[in-house]
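Got the viewer open? Load the model, switch on the sequence panel, and we'll walk from one stop to the next.

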Amino acid sequence: MKNSATNGIPFYRLKSLTMQSWNFLICLGLSKNEYAQSEKINGSFTEKAMRTILILIAILSSLHCKAQENQSRTLISNITIISADLDNIKTQVGYVLIEGERIVSAGDKKPEGAENHKELDGTGKFLIPGLIDSHVHLSNTAGLNGPLKKKYPELVELYYDQLPKSYLYFGFTTLIDVNNYWPERMNKILESKIRPDIYTCGEQVTVMDDFNMEMEEYSQEQRYASNFLNDIYNTNSILPDAIQANEHTPQKIVSKIREQQGICVKMVYEDEASGLAVSWEKPTASILRDLILEAQKFNMPLVLHAPSLEGHKIGLETGAQIFAHAMWNWSDDPNQFNNPDLGDEHKRVLLEIAEKQIPYQLTFRTITGEKDLVTMDFLEDKNLEHVFPKQMLDLLKTEEGQWGKRKIFGRTAFLEKTNPPFYKALKADFTDDQKMWEHVFKTYAHRLMTVAKFLEENDANLILGTDSPAMNMYTNPPGYNGILEMRHWADAGIPLEKIFRAATFKNAQAFHLEHLYGSVEKGNIANLLILNSNPLKTVEAYNDIEKVIVRGKFIDRELLSAVKD
């Protein structure tokens, strides 16, 4: 999973040059021996010749290396550089020199010796750090559920061939996958020649009989066979003697995540405020605290999925370092569902998160993506042509491809069966499911806007994550979902400067990657974007990309489109 930088001559070229030199020397050596034996001459002349040839080879090799070095250096000149740091955003017209995969210099002065490098004139353009999406699920397949993946395996492969390019097409050069539950698929993505830099939280942590196990309907055998965290503080969680409890401690769980190259830990906390009658076990605050303390030993932040008031309180109590979703579940009282006002307790908790500067992902698209499934006009968006292969888009427009909408409508009967009071409160004013669910998502969207505005007003530490693609929704299109997320932020009144910082430096900082990404600084990895518009003037600048730079490699944007393929 590591993304190590390399400099100078690529290994296969260095190896080729070395082998050619040795082959030449071997041949020369054989000739020397043969000549000496036949002519019986003193070997001093031949040895001098050998030394001379070795010197010549060294000189030629040095020149070859220098030529390769110059070819891997690019100077971007006269471009408006926009970069964030701990305190502010700096904008200047200047020069950025890239050597190999790294930024060598960035500033308003042209670096010395730059005339020997390839130069790109950036007059009138804007250079920014590549965007970071800190909440993705790369093993989810946007638009295809289990049955469709089995029926159309060729579409699955087309989707994953395009997936890395889709993120790059929309400017996302670094991704954090918060649940690597399918490492085989992740490894195939990592083998892609052109892709973003990818980090992971390893496999998401679960406790016995928790929300995920219930929603996935795991059998008891599957639950015991899973890599669960044993919640020793929960009296309802008694393990049979056959289960080795010492294999399910916080120490073991964190160790396994580190073996998976995880840089963070992810856990879910769901409660009654979701509208579902709780039939699962919630992790206790004590086990969550133990897990966080263990992860902190290795500088691994804990990302907590907790979109409710109760979940936010647990996160604060235990010291969670990142909140994975906004507080969109406000109350477990069904009679309060339509209450549009943010309560005093909600405000107190959100204010504490803001004051402590705990990184906070709003993830509008988790909810608004579901709304888009119901309203059905989403597939008219022309940007989807750059994300999905045509064959897949054609399928999504059929009745067969609309399984997501049917799944949402199926929740009506599920709620009626499992939580009648909540169902009655939702259904009271509506005669059909379409209107009821449109109202539900309108309510959730209002809550998201309210929370976002409150946090912005209190200068919270917002970071950009999209949850792409939640529930395998095609309305969470890889890459483009980030553009949609930023539009929601702008609609909520979040200033463009804060959107910029959230998608670059703040994201890198939250996951302890600011020494590699998030700013245009000497020594950072050269993951950059050249834009035609200023992102501090319009949010649409993020969809106005001329070139994507990935580890020093310059790629014309149109080459990354699914239309191109």
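A word you'll need throughout: buried means under 20% relative accessible area, exposed means over 50%, and partly exposed is in between (1.4 Å probe, protein chains only). Before clicking, note that this is a predicted model, where local features need pLDDT of at least 70, side-chain atom pairs count only at pLDDT 80 or more, and totals for chains, interfaces and linings use all residues. Residues are numbered from 1 along each chain as its sequence is written, and side-chain values use heavy atoms, leaving out hydrogens and water.

**The whole thing**

Start with a cartoon view. You should find 19 helices and 16 strands; these are DSSP runs numbered from the N terminus (helices: H or I, at least four residues; strands: E, at least two). Of the 565 residues, 54% are buried.

**Stop one: Lys266**

Select Lys266, in strand E9 (residues 265-268). What is the nearest side chain of opposite charge to this buried lysine? That's Asp467, 6.2 Å away, and Lys266 has no salt bridge. A salt bridge here needs a side-chain nitrogen of Lys or Arg within 4 Å of a carboxyl oxygen of Asp or Glu. For the charge search, Lys and Arg count as positive and Asp and Glu as negative, with His and the chain ends not counted. Now show Gln204: its side chain makes a 3.0 Å polar contact with that of Lys266 (a pair of N or O atoms within 3.5 Å; within protein, one must be able to donate a hydrogen and the other to accept it, and residues adjacent in sequence count only if both atoms are side-chain atoms). Beyond four places in sequence, Lys266 also has contacts (heavy atoms within 4.5 Å) with residues including His135, His137 and His305.

**Stop two: the cores**

Next, select Tyr360, Leu362, Phe388 and Met486. These touch the most other members of the largest nonpolar core, which has 105 residues. Such a core is a set of buried Ala, Val, Leu, Ile, Met, Phe, Trp, Tyr and Cys residues joined through side-chain atoms within 4.5 Å. Helix H16 (residues 433-457) gives the most to this core, 10 residues. For a second, separate core of 21 residues, pick Leu229, Tyr269, Ala285 and Ile314, which are among its members.

**Stop three: backbone oddities**

Go to the loop between strand E13 (462-463) and helix H17 (480-491), where Pro469 lies. The Ser468 to Pro469 peptide bond is cis, with omega near -20°. In that loop, between E13 and H17, you'll also find Asn472, which isn't a glycine but has a positive phi of about 60°. Asn472 is buried, at 17% relative accessibility.

**Stop four: salt bridges**

There are 30 in the whole structure. Select Arg551 and Asp197, whose closest N and O atoms are 3.0 Å apart in a salt bridge. This pair links distant parts of the chain, 354 residues apart: Arg551 sits in the loop between E15 and E16, Asp197 in strand E8 (residues 197-200). Are the two ends buried or exposed? Arg551 is buried at 12% relative accessible area, and Asp197 is buried at 2%. Arg551 is another non-glycine with positive phi, near 50°.

Now show Asp209 and Arg223, a 2.9 Å salt bridge (N to O). Asp209 is partly exposed at 22%, while Arg223 is buried at 8%.

Finish at Lys356 and Glu352, with closest N and O atoms 2.9 Å apart. Add Lys313, Glu345 and Arg348: salt bridges sharing partners join them with Glu352 and Lys356 into one network.
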